[in-house]
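Me: I am new to this structure and would like to be walked through it with care, one question at a time.

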Amino acid sequence: MDGTNQSQVTSRPPTVALSAAAVASAETEEAVPSRTARWLWLIVAGAIATAIGLVWIGMQPGGPLPLALATVGLVVMIAGIGWSQAARWRQAAVSAAFDTALDAHLVVDRHGRVLAANRPARRLFGEGVRDLAVVEETLAEDMEALARFRRLRQEAESGASLTQEIRRRRPSGGAVWWVVTTRALASGRPLRLWRFEDVTARREVETLLRDEQVKLVDFMDHAPVGFYSVDEEGRFLFANATLARWLGVEARDLVRGAARLHDFLAEPPSGGVHPASVDATGETLASSEVLLKGADGRTIKASISQSIVRDDDRRFLWTRSVVRDLTAEARMRDALRASEDRFKRFFEDAPFGIAMLDDQGRLSEWNSALRRLVGADNAQLAGRPIAELVDPRDRDALTRHLDAVASASVPDPAIEVQLHHRSDLIVALFASRMQAQPGEPGGYIVQFIDQSERRNLEVQFAQSQKMQAVGQLAGGIAHDFNNLLTAMIGFCDLLLLRHKPGDPSFGEIMQIKQNANRAANLVRQLLAFSRQQTLQPRILDVTDVLADLSNLLRRLIGENIELKVVHGRDLGLVKVDQGQMEQVIINMAVNARDAMPNGGRLTIKTSNVIASEAVRQGPEEMPPGDYVLIDVIDTGVGIPPENLNRIFDPFFSTKAVGSGTGLGLSTVYGIVRQTGGFVRVDSAPGKGAHFSIYLPRHEISEAEKPERGAEAQDLSRRDLTGAGRVLLVEDEDAVRAFSGRALQNKGYEVLEADSGEAALEILSGEGGEVDLLITDVIMPNMDGPTLIREVRKSHPSLKVICISGYAEDRLREKMDIGEGVHFLAKPFSLKQLAAKVKDVMRGAPPTL
C-alpha cells in the first residue's frame with residue numbers, strides 16, 4: 001500500500017471495543033449532570049417516603065399503609081444509592097479502557113475541539129491537546145502529509161466513516177506511517193472519533209518483504225540455471241528468463257502459449273512428462289542429460305533434475321525442475337582433457353627422464369625416457385625407491401639432497417649421480433618438492449637429465465685444450481728445432497760426401513747425424529700427438545706392414561716375450577702414412593714389452609669389423625662404418641683404473657725416471673686420430689692390456705690401385721742430379737746455405753734470398769726468370785704464403801715447394817695459396833731435398 005491511494009480499513013476487534021468505550025465515555029461525560037440529579041432525586045424521594053412512613057407508623061402503630069410506605073421509600077433510597085455507585089464504576093472502567101488503548105484516540109466535536117484524548121494521543125500530540133489543529137501542527141513539516149489530512153478532515157464533515165494512510169517524513173530521515181480512521185459517534189451530539197494507528201513497523205516489514213521478493217524474482221529469472229514447472233501434459237506453468245533465453249523465446253510466451261516441454265527436446269520421449277524415469281517413491285525424477293532444441297534450431301546439451309508435486313490423492317500437480325547448461329562444462333572438460341593430453345605428451349615424450357615420488361622417495365609415476373635410461377620396465381619401477389636406481393656410492397648424497405629439498409634448504413637444485421648398472425651414464429637429478437593436497441602426504445618431482453654427452457664434451461674440450469697447448473709448443477719446437485736439425489743433418493750429408501766409410505771422421509759424422517735424427521723423431525712424436533705431423537698417406541695392406549715389421553718387433557721385445565701375429569682373412573685396405581703406421585705398431589710393442597718385465601706373450605691380431613651403430617668409450621664416439629681392426633694384447637701387469645683416462649696424455653708415464661718420455665701412447669693416439677681412426681683400451685691390474693685400433697676401411701678406385709708387391713725405389717740408388725734455375729728463399733742462414741750447396745752439387749743454378757721482399761726483387765730484376773721457387777713458410781715480415789700469392793700474380797705457372805715443420809693440412813688451412821704447391825717437411829736430408837726438387841721439375845703432382 002503506498003501513500004497516494006485511499007482505502008477503507010476494516011478495524012480490528014480490539015479497536016472496535018475501544019471505539020465503543022470512547023463513545024460511552026463521551027456520552028457519560030455529557031450525561032453526568034442529569035443522571036446525578038436523577039439518582040439524587042431518587043434517593044431523596046426514597047428517604048422522604050421512608051421518613052413519612054416512619055412518622056406515620058409512630059402516629060398510627062400497626063397500620064399497614066405506613067409500613068408499606070416506609071418500606072418502599074427505603075427500597076427506592078437503596079436502589080438510588082446502588083445505581084449511582086454502579087454508574088460511577090462503569091464510567092471509571094470505560095475511561096480506563098479508553099485511556100489505555102494502543103492507538104491514539106481523539107473524541108472531537110463538530111468544531112474540531114477535542115473532548116477526550118487517551119494516553120497514546122496525549123503522548124503523540126501533547127498533554128494540552130485541545131483541537132485537531134494540534135494534529136496539523138504535527139504534520140506541518142511534511143506538506144504532502146498535511147494536505148492529505150486536511151482533505152480527510154473536509155471529507156469527514158459529511159459524516160461518513162473514512163480511513164486514510166498518511167506518510168509523515170521525519171526531519172532526521174525516514175518516515176512514519178499512520179492509518180487515520182474517523183467516524184461519527186452514536187450520541188445525541190455531533191461527535192466524531194479519530195484514531196491514529198502507527199503502522200510504520202508493518203510498512204517497513206512490507207517494504208523489506210517486497211524488496212526480498214524483487215531480489216528473489218530477479219534471482220530466479222537471471223540465475224545461471226534454468227527453472228521451470230510443467231503440468232502432467234508438459235505445459236509450462238512457470239519458466240524463468242534464463243531458460244527462455246536458452247530456448248530463444250520469451251518467458252511469458254512459454255507460460256501463456258501452447259508450447260510443451262516436449263517441443264523443446266531434440267529427441268522427444270515416447271510418453272510421460274520427461275525422458276527420465278521416476279524413482280521408487282514416484283516423487284523425484286532422476287537427473288538426466290538431454291539435448292534441448294531452441295526456437296532458432298540451436299541445440300544445448302543440458303542436465304535436468306526435477307521433483308513431482310502431488311496432492312493428497314497422489315495425483316500429479318506440477319514439477320519443480322532445474323536445468324543446467326552443460327555446454328560450458330563440456331568446453332571445460334574438453335579443455336581439461338586437452339590439457340591432460342598435452343601434459344601426457346610432454347610427460348611421455350620428454351627427452352629426459354621424469355619421475356614422481358611419494359614422501360618416502362618411492363616411484364609412483366615415470367615416463368618412457370626414464371625406463372629407457374635405467375633399462376627397466378614398469379613392473380620393475382613400481383614402488384621402487386629412487387636410491388636403488390643410482391650407484392651405491394651416490395645413494396647417501398641423493399638421500400641428503402632429497403632431505404634438503406624437503407626442508408627447502410637445498411643450495412643447488414641439481415645433483416650429479418651415476419646410475420646403477422650403467423657405469424657409462426652420469427645423470428643430473430633436478431628435484432623439487434611437490435605440493436601436497438589437503439589430507440595427503442607430499443612428494444617429489446625428479447628429472448633425470450643425461451649428462452654423459454656434456455661430460456664427454458667437457459673431457460673432449462679439455463683434451464683439445466691440452467692438445468692445443470702441446471700443439472702450440474710443438475709448433476714452436478717444429479719451427480726452431482727443425483731449422484736447426486735441417487742444418488745439422490744437411491751439413492752432415494755434405495761432410496759424408498767427402499768422408500766415405502773408412503775415413504777416420506766418418507764415425508763421428510754419423511754419430512752427429514744419428515743424434516740429429518733422434519731429435520727429429522722426438523719432434524715428430526710431439527707433432528703426431530698434436531695432430532700436426534706431416535702425413536704422406538698411401539693405400540696399404542696392414543698384413544704387409546706387420547709382415548715387414550715382424551723381425552724388428554721380435555728384436556725390440558726380447559727373447560723372453562712370445563710374439564704372436566694373427567692375420568685376418570680378406571683384410572681390407574687402409575689409407576695411412578706407412579711410416580706413421582709403423583711407428584704406432586712399434587710404440588705399442590715397446591709399451592707392451594715394458595709391461596711384461598718377467599716375460600709373457602704379445603699378440604697382434606687383425607680383422608675386418610662392421611660397426612652397425614655408434615660405439616662410445618669415454619668421451620669419444622666412433623661412428624658406424626667399416627673398419628680394419630688391429631688388436632694388440634699383452635699379458636702384462638695391466639693398467640690401474642685411475643690411470644686409464646690418463647694413458648694418452650702427453651708426458652704421462654708410470655715408468656722410472658729416465659726410462660721413457662711419456663710420449664709413446666700419446667703419439668699412437670695422435671697418429672690414429674689424425675688418420676681418422678680410434679683407439680680403445682681394456683685393462684685391469686694383473687690381467688694385461690688389450691688395445692684396439694680401428695682404422696677406416698678404404699675402398700680404392702681403379703686409379704688408386706697400388707702397385708702390390710712393388711718396393712719403393714731406394715733414394716740411394718736414384719739419380720738425383722738435374723738442371724734448372726731455382727730461387728731459394730729461407731731466413732735461416734744455415735738452412736739456406738746447406739740447401740743452396742746441396743742443390744748446386746746436384747747441378748742446379750741456385751738464386752738465394754733471405755726474405756720474401758728480396759725474392760720479389762730478384763724476380764722483378766733482369767734475368768729474374770726461374771724454373772722453381774723454394775720458400776720457407778714462417779719468415780719475418782713477408783711470410784711464404786704471402787710471397788707465393790705475390791709471385792703468382794706475375795708468374796702464375798711457376799712451380800713452388802714449401803718447406804716447413806708444420807703439417808700439410810694445417811698449412812693448407814692457413815695459407816690460402818690455391819692449388820699447385822708442393823710440400824717438403826723439415827728436417828730433411830740432402831737426398832730428400834734433391835729427390836723432391838727433381839720430382840717437381842719432372843712434373844710430379846702437387847701435394848698441397
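The questions below deal with a predicted model, and they turn to its nonpolar cores, a pair of strands and its aromatic rings.

Me: Which helix gives the largest share of the largest nonpolar core?

Reply: In this predicted model, the largest nonpolar core has 39 residues, and Leu 602, Ile 630 and Phe 691 touch the most other members. The largest share of this core, 7 residues, is supplied by residues 578–594, which form helix α16.

Me: Which residues does Ile 630 touch, leaving out those up to four places away in sequence?
Reply: Ile 630 is among the three residues that touch the most other members of the largest core. With residues up to four places away in sequence left out, its contacts include Met 581 and Ile 585, and the full list is Val 542, Met 581, Ile 585, Ile 604, Lys 605, Thr 606, Phe 691, Ser 692, Ile 693 and Leu 695.

Me: Is Thr 163 buried or exposed?
Reply: Thr 163 belongs to strand β3, which spans residues 162–169, and 6 of the 8 residues in this strand are buried. A residue counts as buried when its relative accessible area is under 20%. The relative accessible area of Thr 163 is 4%, so Thr 163 is buried.

Me: How many bridges join β3 to strand β4?
Reply: Strand β4 covers residues 175–184 and runs antiparallel to β3, with Leu 162 standing opposite Thr 182 in β4. The two strands form a hairpin with 5 residues between them, where Gly 173 takes a positive phi near 110°. The number of bridges joining β3 to β4 is 8.

Me: Are the rings of Phe 491 and Phe 738 stacked, edge-to-face or tilted?
Reply: The centres of these two rings, Phe 491 and Phe 738, are 6.2 Å apart, and their planes stand at 55°. Planes under 30 degrees apart count as stacked and those over 60 as edge-to-face, so the pair of Phe 491 and Phe 738 is tilted.

Me: How many residues apart in sequence are the parts that this pair ties together?
Reply: Phe 491, at 28% relative accessibility, counts as partly exposed, whereas Phe 738 is buried at 0%. Phe 491 lies in helix α13 (residues 452–498) and Phe 738 in helix α19 (residues 733–745), so the pair ties together parts whose separation in sequence, in residues, is 247.

Me: Which ring does the charged end of Arg 203 sit over?
Reply: Elsewhere, the charged end of Arg 433 sits over the ring of Tyr 444, 4.8 Å from its centre. For Arg 203, the charged end lies 3.8 Å from the centre of the ring it sits over, and that ring belongs to Trp 177.

How values were computed. Residues numbered from 1 in each chain as written. Predicted model: local features only at pLDDT ≥ 70, side-chain atom pairs only at ≥ 80, totals over all residues. Heavy atoms only, no water. Core = buried A, V, L, I, M, F, W, Y, C linked by side-chain atoms within 4.5 Å. Buried < 20%, exposed > 50% of the residue type's maximum accessible area, 1.4 Å probe, protein only. Helix = DSSP H or I, 4+ residues; strand = E, 2+ residues; numbered from the N terminus. Contact = heavy atoms within 4.5 Å. Pairing = 2+ DSSP bridges. Phe/Tyr/Trp six-rings, centres within 6.5 Å; stacked < 30°, edge-to-face > 60°. Lys NZ or Arg CZ within 6 Å of the ring centre and 35° of its normal.
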